[in-house]
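Biologist: Please take one part of this model and look at it closely, then relate it to the rest of the chain. A formal account suited to a first-year student would be welcome.

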Amino acid sequence: AGLDLGTDEFAEVVRSALADVEDLLITELSSGDQIMTEAATHLAKAGGKRFRPMFAILAAQFGTDPGSRDVITSATVVEMIHLATLYHDDVMDEAPMRRGAQSANSRWTNSIAILSGDFLFARASRLVSTLGPEAVRIIAETFAELVTGQMRETVGAGEGVDPIDHYLKVVWEKTGSLIAAAARFGSMAAGADAERIERLARIGDIIGIAFQVSDDIIDISSATGDSGKTPGTDLREGVHTLPVLYALRGDEPSSARLRGLLLDDAGNPRPLTVDAEVTEALELLNASPGMAQANAKLQSFADEALAELAQLPDSPANGALSSLVRYTIDRTG
Ligand code: FPP
Ligand code: MG
Ligand code: MG
């Protein structure tokens, strides 16, 4: 199901703010250098859901000045940070596709993708400075969390650490933290009071985790091309996401086969390099109870977010955020 923004009047407020974000994004990512501009605007122009700016703009509606220019700036900063991490993530994941287009590393080279990510980060830093030192501090904290999550994912769960606890921690760090920052930024820029800012940030934490869990389910369940990315990328990297972790714990024959495919002799994740193995693993996973378990966990995060939303005043923005929660768990791409 698509996102329901409620009345035409409210939908227009949100759409107009998102259009301002789009303009600012392209302006901030452009420079005097032609190849830098082309590479740095590549992913922004390829599309994307603009989930984080949307979240920031909806969170801003709970403040006293939702029309403030700082709201647009905040929403744009968060998307720029997100885009910067995608350039680097696609290098690390060796991902060929992003947003239905070639990733920057496959369109150009790893070097160009890494430098483009750095450029986006530099421009996001310049823009966030206009919001003041507290905003700079929050973005710096969030950025450290993103990088730590990515590091933790790369290193994997250590000895004696429950892999599902490890996974959930990584997912909060690499995705939840930035979506929480989007909520915090949007509501702060609109002058919301501290209690509301905290509640919206908490909702961001939960929706962010749900968003990444659904992303991980889609990496297994989507047909090639449907998500704008290449399915099975996590398996190729040896990254075991929630449905995989559940499936590996099962006692069905398919779980035994999956353990044979996905784990090495020491029981550590084994990256899949053979296409036929990826295809087989994806088929087994899609038929496994691990998928239903992951979907049930996803639903429980959605319920938690909806319960938090019920504590905020009823309003068009509250309705739209509820719809965003439902969209997060129902989306297929
Ligand atoms: C996507 O996960 C990755 C993240 C949300 C976080 C990435 C963070 C970094 C790369 C930190 C370093 C960044 C810079 C600019 C220094 P995924 O691979 O599971 O998602 P995908 O399916 O969208 O690829
Ligand atoms: Mg990736
Ligand atoms: Mg990754």
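Modeller: Arg-331 is partly exposed, because 18 other C-beta atoms lie within 10 Å of its own; the class falls between buried (20 or more such atoms within 10 Å) and exposed (12 or fewer), with C-beta atoms placed from the backbone. This is a predicted model, in which local features need pLDDT of at least 70 and side-chain atom pairs count only at pLDDT 80 or more, while totals for chains, interfaces and linings use all residues. Residues are numbered from 1 along each chain as its sequence is written, chains are lettered from A and ligands numbered from 1 in the order in which they are written.

Arg-331 belongs to the segment after helix 15 (316–330); helices (DSSP runs of H or I, at least four residues) and strands (runs of E, at least two) are numbered from the N terminus. Arg-331 and Phe-211 are separated by 120 residues in sequence, but their C-alpha atoms are 9.5 Å apart in space.

Other pairs are separated by greater distances in space. Ala-256, in helix 12 (residues 253–262), is exposed, since 12 other C-beta atoms lie within 10 Å. Its C-alpha atom is 54 Å from that of Asp-33, and the two residues are 223 apart in sequence. Met-291 is placed in helix 14 (residues 289–309) and counts as partly exposed, because it has 19 C-beta neighbours inside 10 Å. Setting aside residues up to four places away in sequence, Met-291 touches Pro-243, Leu-285 and Asn-286; contact requires C-beta atoms, placed from the backbone, within 7 Å. From Met-291 to Met-36 the C-alpha separation is 41 Å, across 255 residues of chain.

The interior comes next. Ile-81, a residue of helix 4, is buried, because 24 other C-beta atoms lie within 10 Å. Beyond residues up to four places away, Ile-81 touches Ala-124, Ile-139, Phe-143 and Leu-178. The C-alpha atoms of Ile-81 and Ala-310 are 30 Å apart.

The largest nonpolar core (buried Ala, Val, Leu, Ile, Met, Phe, Trp, Tyr and Cys residues joined through C-beta atoms within 7 Å) holds 90 residues. Phe-55, Ala-56, Ala-183 and Ala-210 have the most contacts inside that core. For Phe-55, the contacts beyond four places in sequence are Ile-179, Ala-182, Ala-183, Gly-186, Gly-204 and Leu-324.

Ligand 1 is surrounded by 16 residues, the closest being Ala-84, Thr-85, His-88, Asp-89 and Lys-174; a residue is near it when its C-beta atom, placed from the backbone, lies within 6 Å. Two or more residues of this shell come from each of helix 4 (69–92), helix 6 (110–128), helix 7 (133–155), helix 8 (163–189) and helix 9 (194–221). Helix 4 contributes the most, with four residues. The shell comprises five nonpolar, five polar and six charged residues; Ala, Val, Leu, Ile, Met, Phe, Trp, Tyr, Cys and Pro count as nonpolar, Asp, Glu, Lys and Arg as charged, and the others, Gly among them, as polar.

Helix 2 (34–45) shows how a helix can be checked. At 1.5 Å a residue, its 12 residues should span 16 Å, and the end C-alpha atoms are 15 Å apart, which agrees; the expected span is 1.5 Å times one less than the number of residues. Within helix 2, Ala-39, Ala-40, His-42 and Leu-43 are buried. They lie on the same side of helix 2, because they cover an arc of only 130 degrees around the axis, taken from the directions from the helix axis to the C-beta atoms. An α-helix has 3.6 residues a turn, so residues three or four places apart point the same way. The cover over the buried residues of helix 2 includes helix 1 (8–29), helix 4, strand 1, helix 5 (104–107) and helix 6.

Some backbone angles also deserve attention. Just after helix 2, Gly-47 has a positive phi of about 120 degrees. Most residues other than glycine have a negative phi. Arg-50, in the loop between helix 2 and helix 3 (51–60), nevertheless has a positive phi near 55 degrees. Arg-50 is partly exposed, as 18 other C-beta atoms lie within 10 Å. Glu-94, in the loop between helix 4 and strand 1 (97–98), likewise has a positive phi, of about 50 degrees. Glu-94 is partly exposed, with 14 other C-beta atoms within 10 Å.

Note on methods. Two residues are in contact if their C-beta atoms, placed from the backbone, lie within 7 Å.
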